[in-house]
Amino acid sequence: GEKVATIIPIKEFDDAKYMVIGTKSGIIKKTELSEYKNMRKGGLIAIELRDGDQLVNAELANDEDQIMLVTRKGMSIRFSQEDVRATSRASIGVKGIELREGDYVVSVDVCREGDTALVVTEKGYGKRSPLSEYKIQTRGGKGVMTYRLSEKTGDVVGMVPVQDNHDLMLITSSGTIIRLHCED
């Protein structure tokens with residue numbers, strides 16, 4: 001029943017200091033990247049998931065990076081990766097965001113200096129905001145509203161940190177691809 005959720009290319013295990021993993025129920029976990037050096041034929045356990053929870057994303061992070069979680073109902077929280085202590089591979093992690101009834105995390109990303117947050121909804125609407133509009137909070141809070149949802153927009157499907165020089169490809173569920181320049 002497993003399927004691939006994230007692919008992280010690395011050349012050396014010192015490409016970054018940590019691997020940050022986030023789940024649908026708002027759990028965040030940070031493990032030193034060096035713990036994944038000795039790979040076994042059958043793989044390694046990266047996170048202990050609770051029943052009904054799913055992996056949303058895994059990213060590489062360094063000391064100066066921040067973590068941002070965005071929920072389907074338009075809430076988001078941004079906090080320093082230092083708020084999450086490094087744990088072993090087989091641990092569960094800690095609460096990254098307090099979820100409201102019926103809400104779940106759709107995006108977990110590492111944000112860096114110069115990034116802006118691009119949020120997209122299920123009906124194709126999106127907005128790009130400077131990270132400075134998302135105050136740095138302590139992990140585990142309810143966060144701030146990142147997108148005011150309506151019937152016209154639908155729920156949030158994702159957020160990615162982008163910069164002006166990036167290109168973006170949006171792919172619909174029916175296979176249509178739209179390419180945009182982020183500066184536009």
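How many residues does the largest nonpolar core have, and which of those have the most contacts inside it? In this predicted model, the largest nonpolar core has 13 residues. Those with the most contacts inside the core are I28, I67, L69, F79, V105 and V108. Four elements each give two or more residues to this core: β3 (55–61), β4 (66–71), β5 (75–80) and β7 (105–111). Of these, β7 contributes the largest share, with 3 residues.

From the core, the reader can turn to empty space inside the protein. The whole structure was searched for cavities of 30 Å³ or more, and 1 was found. The largest cavity holds about 30 Å³ of space. Its lining consists of T71, M75, E98, L99, R100, D103 and K142. Sorted by class, the lining has 4 charged residues, 2 nonpolar residues and 1 polar residue. The charged residues are E98, R100, D103 and K142, the nonpolar residues are M75 and L99, and T71 is the polar residue.

The aromatic rings come last. A search of the whole structure for aromatic pairs finds 0. Two tyrosine rings nevertheless have a lysine placed over them. K24 lies over the face of Y104, 4.6 Å from the ring centre. In the other case, the charged end of K30 sits over the ring of Y18, at 4.3 Å from the centre of that ring. Both distances count as a charge over a ring because the cut-off for the lysine NZ atom is within 6 Å of the ring centre, together with a limit of within 35 degrees of the ring normal.

Technical notes. Residues are numbered from 1 along each chain as its sequence is written. This is a predicted model: local features need pLDDT of at least 70, side-chain atom pairs count only at pLDDT 80 or more; totals for chains, interfaces and linings use all residues. Side-chain values use heavy atoms; hydrogens and water are left out. Rings of Phe, Tyr and Trp (its six-membered ring) pair if their centres lie within 6.5 Å; planes under 30 degrees apart count as stacked, over 60 as edge-to-face and the rest as tilted. On a 1 Å grid over the protein atoms alone, a cavity is a set of points where a 1.4 Å probe fits but cannot get out, and a pocket is an open set with protein on both sides within 12 Å along at least five of seven lines; lining residues have an atom within 4 Å of a point. Grid points are joined across faces, edges and corners, and a volume is the space filled by probe spheres set on the points. A nonpolar core is a set of buried Ala, Val, Leu, Ile, Met, Phe, Trp, Tyr and Cys residues joined through side-chain atoms within 4.5 Å. Buried means under 20% relative accessible area, exposed over 50%, partly exposed in between (1.4 Å probe, protein chains only).
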